[in-house]
Amino acid sequence: MRRAVCPGSFDPVTLGHLDIIGRAASLFDEVVVAVGTNPSKSRLFSADERLAMLERACAGIERVRVASFSGLLTDFCTAHDVQAIVKGLRAGTDFDYELPMAHMNATLAPGVETVYLPTGAGWSFVSSSLVKEVAGFGGDVSRFLPDFVHEALLTRLTSGDAASGA
Ligand code: PNS
């Protein structure tokens with residue numbers, strides 16, 4: 001079985017993420033969407049909330065399951081018999097950010113390949129960070145998110161709470 005992982009913070013999951021996950025699912029026998037923590041980013045939603053949103057968002061995508069992880073991505077790959085890490089690339093800046101991680105992950109786990117998919121053109125400017133920023137200033141980001149994620153985002157921004165844990 002060819003199994004891939006789509007890792008990310010998913011804070012929150014966007015339609016751009018779901019585009020990549022769906023296309024990865026057409027290339028592999030199984031895709032594990034792994035909700036991790038990026039220590040360089042502050043979080044709006046807790047790990048449990050991000051996991052629950054992804055489970056709901058991915059429910060209709062065949063051959064996809066969702067998991068969370070807290071350690072090294074390569075340890076997750078070894079533990080789950082994953083052969084490929086799938087990442088979406090929006091622009092050259094993403095490539096500059098991702099390439100050292102691909103080399104590090106290949107060094108830590110030889111045999112685990114990193115596969116880049118270009119984001120769909122319609123999502124090339126969409127990121128969780130930008131969506132949160134625009135929504136925080138009252139901009140309409142509904143077209144970039146599943147409806148229930150958009151509602152959760154507005155509720156969270158209105159309440160003023162941010163995730164305290166991972
Ligand atoms: O959506 P993000 O924030 O770009 O996701 C980054 C993430 C969580 C995939 C990345 O930070 C990661 O893999 N974290 C796990 C810890 C790890 O393995 N770090 C070394 C990467 S070379």
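Trainee: Which residue forms a salt bridge with Asp-11?
Mentor: This is a predicted model, in which local features need pLDDT of at least 70, side-chain atom pairs count only at pLDDT 80 or more, and totals for chains, interfaces and linings use all residues. Residues are numbered from 1 along each chain as its sequence is written, while side-chain values use heavy atoms, with hydrogens and water left out. A salt bridge here is a side-chain nitrogen of Lys or Arg within 4 Å of a carboxyl oxygen of Asp or Glu. With closest N and O atoms 2.7 Å apart, the partner of Asp-11 is Lys-132.

Trainee: How many residues apart in sequence are the parts that this pair ties together?
Mentor: Helices (H or I, at least four residues) and strands (E, at least two) are DSSP runs, numbered from the N terminus. Asp-11 belongs to the loop between strand 1 and helix 1 (15–25), and Lys-132 to helix 5 (residues 128–136), so the parts joined are separated in sequence by 121 residues.

Trainee: Which residue is joined to Asp-11 by a cis peptide bond?
Mentor: Omega of this bond is about 0°. The partner lies in the loop between strand 1 and helix 1. The residue is Pro-12.

Trainee: What is the phi of Phe-10?
Mentor: Phe-10 also has its place in the loop between strand 1 and helix 1. Although Phe-10 is not a glycine, its phi is positive, at about 55°.

Trainee: Which residue offers a backbone N or O atom 2.9 Å from an oxygen atom of the ligand?
Mentor: A polar contact with the ligand is a pair of N or O atoms within 3.5 Å. Through side-chain N or O atoms, Ser-9 comes to 2.6 Å from a ligand oxygen and Asn-38 to 3.0 Å. The backbone atom belongs to Leu-73.

Trainee: What percentage of the ligand's accessible area does the protein cover?
Mentor: Accessible areas come from the Shrake-Rupley method with a 1.4 Å probe. On its own, the ligand has 550 Å² of such area, and the covered part is 82%.

Trainee: Which element gives the largest share of the shell around the ligand?
Mentor: Strand 1 (3–8) and helix 4 (92–108) are the elements that give two or more residues to the shell. The largest share, four residues, comes from helix 4.

Methods: A polar contact is a pair of N or O atoms within 3.5 Å; within protein, one must be able to donate a hydrogen and the other to accept it, and residues adjacent in sequence count only if both atoms are side-chain atoms.
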